[in-house]
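User: I would like to work through a structure by question and answer. Please reason briefly each time and finish on the value or name requested.

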Amino acid sequence: MSQQHEFFGTSQMCEPEVIVPVLVPVAVAGAYSYKVPADLDVRPGSIVRVPLGPREVIGAVWDGEPDTKVNPKKLKSILHVYDTPPIAEDLRKYIDWVAAWTLGAPGMVLRMVLRSEEALEPEPLLSGVRYIDGMQPDRMTPARSKVMELVENGMAWTRPGLAGAAGVSSSVIDGLKKQGVLEEAMLPATPPLPDPDPTLPGRKLTDLQQGAANQLCEAIGKGFKAFLIDGVTGSGKTEVYFEAVAETLKNNEQALILIPEIALTNQFLNRFEDRFGVRPAEWHSQVPPKRRARTWRGVANGEVKVVVGARSALFLPFHRLGLLVVDEEHDTAYKQDDRVPYNARDMAVVRGHISGFPVVLASATPSVESQVNAKLGRYTKIVLPERASGAEMPTIKGIDMRCDGPERGKWLAPALVNEIQQTLTNGNQVLLFLNRRGYAPLTLCRTCGHRFHCENCSAWLVEHRFKGKLVCHHCGYSQPIPDKCPECSNSDSLVACGPGVERIAEDVSALFPEARVLVLSSDLPGGTERINREMKLVEEGEVDIVIGTQLVAKGHNFPLMTLVGVVDADLGLANGDPRAAERTFQLLAQVTGRAGRIHGKGRGLLQTYNPDQPVIKALLSGNPEEFYAAEIESRENAGLPPFGRLAALIISGPDRSLTEKFSKSLAVNSPSSEGVQILGPAEAAMALVRGRYRFRLLAIAPRSVDLQGFLRNWLSVAPKPTGGIRVQVDVDPQSFM
Ligand code: ADP
Ligand code: ZN
Ligand code: ZN
């Protein structure tokens, strides 16, 4: 800690003033300086409350020297130091690293760590009562004896808790207190949870699984190492990394498991409980704030041993993290696009590297990036080529919609309808996959051609028939489905174009009136609770045909599901995204991988207009190596990630022409640098979002170039945005919309 010696005018104030840098949650480049009052004790990492302009904010004492150029008389003082462990040195380093990588402000990265304000103060104790040993009431009544039975072991109870458990009114408890049998006692708001037990027996692993588990376990407690588990759907990747979690617990360290769709994890949490005896702590946006605060504190003081969480769990202040698992590592949900855009999969590896523990990435369809990292020896690859149950992989076939498609206005080809019928006859389940929510993606007027689009975005309004609304999927704007055209006032002239899952359900119900049909989509009312309930119904065989969006592509095991029909296999391939091929391959391999997972005999049918498209061909041939080899080669030739590096600048503003003009001036002012190529500005595919016009610039550089340095230099010399224009930097963009 550095000290500054200053002498103030008054004689009492000759103590040396301590000034420290404090990182505050604002978008500035570095820390601000604050004075430390004599009665407060701080060190780097201490979490503090400080005044900032008219507000008070939470920040952390940071490393380095305080800024000495500021007049000390103008410095404000730290107001409060929270009674919580300081942010450890490795986490501080990590925060700085993430900020430098994303070109974000370190204070904004810190905010991801300190998000739960409630977590910083210990939870107040509850008042309650406890038995005073040896005391007896003057007169024993049946009610009193019930209470006595419960309190005899000396445990403290809350007054209503004890009354409820004993089945008596609280006046009975008050009476016992008055008699000196019970005394006032304080108890924690929640009793600490039991620890996961690593010594419980896991499943008997297959030889291959055991070999994989051994490799992981041997790395626990020995510093950084990155693994890629490339294992087909159902190969037991989860069972394998659970062994590594057990080893970590035996080594007295904490473990973090990231999963992409955290809200849908009931099945996962149950499996964890089967293996370790208790549920792990959960961390995601839908956990209530109080529980989240408790988890944060437990993670910081080491009481919470295992966290299963969404990407934001990466920024929890672990006391002693010893293992980080990124399940479904290819998933796009790991990329955060707003505020600090970061990719949790990559940042997980960095966290392991900085703090010195192993990181395990797992997927049935690894990202091209991770495949290349494995090929180059940066990651140790572990392959699980077979399903644990011994079930063979599903057979995948295409349906050429150009010649074998359905009649007009219908969406399921006869061949698919046939297979569905057979599957139902055999008592098995069908999944129809279409990654499009709602009833129809576009509504238009047959008379005048009017198309319903969002006023704030360049997007069509999607009809949601269950809700009776036209909805914008980008900004959430919605309006009731009108009964006549707003342009020509013709009634009965509006038509729905193209299918969403709700429309497929309509077709299916007409074709199979007896079947129990369920639409699984994230936007239906009832939230995660409903989804969990419905997933369970499917698991238990209470549903015959599931129609789902990508929600169903992940994670769950449905023992009776043997047929997966992909309604539109070409859907993701149309956009110009450099990762479109990879994404489509992953999504369709995952979703067809739902078929016959446990008992085999699974079938996948892809409805396609492009059976010769390389991605479709790779899926049909059941040869992922071929797909990866071709995709890696084409990325290498084009200088695309991971062989080259990309960064996007997204310029948005309320006025289209000013935003475009500014984007052009940004492009013109890009510094010349060997090898860096600037593309654009181009109007974004989503040219208007929430009333803001959007343009994009793309920087492409070879791996050898310090792209962040280039961007920093660029933004420092470029004109500053005005008039509500914002520039967002997205290093390694995943979305090109
Ligand atoms: P993945 O994560 O690779 O998709 P899971 O770990 O979910 O695979 O395993 C798929 C299914 O097989 C699960 O129901 C799991 O309980 C079961 N399973 C995995 N390994 C074994 C094993 N060694 N013995 C019995 N069942 C297993
Ligand atoms: Zn019209
Ligand atoms: Zn909109």
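User: In which loop is the place of Cys-485?

Analyst: The model is a predicted one. Strand β22 covers 478-480 and strand β23 covers 494-497. Cys-485 has its place in the loop between β22 and β23.

User: Is Cys-485 buried or exposed?

Analyst: The relative accessible area of Cys-485 is 1%. Buried means under 20%. With that value, Cys-485 is therefore buried.

User: Which residues is Cys-485 in contact with, leaving aside its neighbours within four places in sequence?

Analyst: Contact requires heavy atoms within 4.5 Å. With neighbours within four places in sequence set aside, the partners of Cys-485 are Cys-445, Cys-448, His-450, Asn-490, Ser-493 and Leu-494.

User: Which class of accessibility does Cys-488 fall into?

Analyst: Cys-488 lies in the loop between β22 and β23. Not counting residues up to four places away in sequence, Cys-488 touches Cys-445, Thr-447 and Cys-448. Its relative accessibility is 30%, so Cys-488 counts as partly exposed.

User: Why can Cys-445, Cys-448, Cys-485 and Cys-488 be said to gather at one spot?

Analyst: An unreviewed UniProt entry lists Cys-445, Cys-448, Cys-485 and Cys-488 under "binding site". These residues span 44 residues in sequence, yet they gather at one spot because no two of their C-alpha atoms are more than 8.6 Å apart.

User: Which residues does the other "binding site" annotation, the one that includes Cys-454, cover, and what is the largest C-alpha distance?

Analyst: According to the unreviewed UniProt entry, that annotation covers Cys-454, Cys-457, Cys-472 and Cys-475. They are spread over 22 residues of sequence but cluster in space, with a largest C-alpha distance of 8.6 Å.

User: What relative accessible area does Cys-454 have?

Analyst: Cys-454 is found in the loop between β19 (442-445) and β20 (462-464). Leaving aside neighbours within four places in sequence, its contacts are Ala-459, Leu-461, Cys-472, Cys-475 and Tyr-477. Cys-454 is buried, and its relative accessible area is 1%.

User: Which residues does Cys-472 touch, not counting residues up to four places away in sequence?

Analyst: Cys-472 lies in the loop between β21 (469-471) and β22. Cys-472 is buried, at a relative accessible area of 1%. Beyond four places in sequence, Cys-472 touches Cys-454, Cys-457, Leu-461 and Tyr-477.

User: What distance separates the C-alpha atoms of Asp-523 and Gly-438?

Analyst: Asp-523 has its place in the loop between β24 (517-520) and α15 (527-539), and it is buried, with a relative accessible area of 14%. Leaving aside neighbours within four places in sequence, Asp-523 is in contact with Arg-437, Gly-438, His-464 and Lys-467. Asp-523 and Gly-438 are 85 residues apart along the chain, and their C-alpha atoms are separated by 8.3 Å.

User: What share of the accessible area of ligand 1 does the protein cover?

Analyst: A polar side-chain atom of Arg-271 lies 2.6 Å from an oxygen atom of ligand 1, and a backbone N or O atom of Gly-236 lies 2.9 Å from a ligand oxygen atom. An N or O atom in the side chain of Glu-239 is 3.3 Å from an oxygen atom of ligand 1. On its own, ligand 1 has 550 Å² of accessible area, and the share covered by the protein is 81%.

User: Which helix gives the largest share of the shell around ligand 1?

Analyst: Ligand 1 is surrounded by 17 residues, the closest being Lys-204, Gln-209, Gly-234, Lys-237 and Arg-271. By class, the shell has 3 nonpolar, 8 polar and 6 charged residues. The largest share, 3 residues, comes from residues 237-250, that is, helix α7.

Technical notes
Residues are numbered from 1 along each chain as its sequence is written. Chains are lettered from A and ligands numbered from 1 in the order in which they are written. This is a predicted model: local features need pLDDT of at least 70, side-chain atom pairs count only at pLDDT 80 or more; totals for chains, interfaces and linings use all residues. Side-chain values use heavy atoms; hydrogens and water are left out. A residue is near a molecule or strand if one of its heavy atoms lies within 4 Å of it. A polar contact is a pair of N or O atoms within 3.5 Å; within protein, one must be able to donate a hydrogen and the other to accept it, and residues adjacent in sequence count only if both atoms are side-chain atoms. Accessible areas come from the Shrake-Rupley method with a 1.4 Å probe; for residues, only the protein chains shown count as cover. Helices (H or I, at least four residues) and strands (E, at least two) are DSSP runs, numbered from the N terminus. Ala, Val, Leu, Ile, Met, Phe, Trp, Tyr, Cys and Pro count as nonpolar, Asp, Glu, Lys and Arg as charged, and the others, Gly among them, as polar. UniProt positions are given in the numbering used here, feature names are shortened, and annotations may be inferred rather than shown by experiment. Buried means under 20% relative accessible area, exposed over 50%, partly exposed in between (1.4 Å probe, protein chains only).
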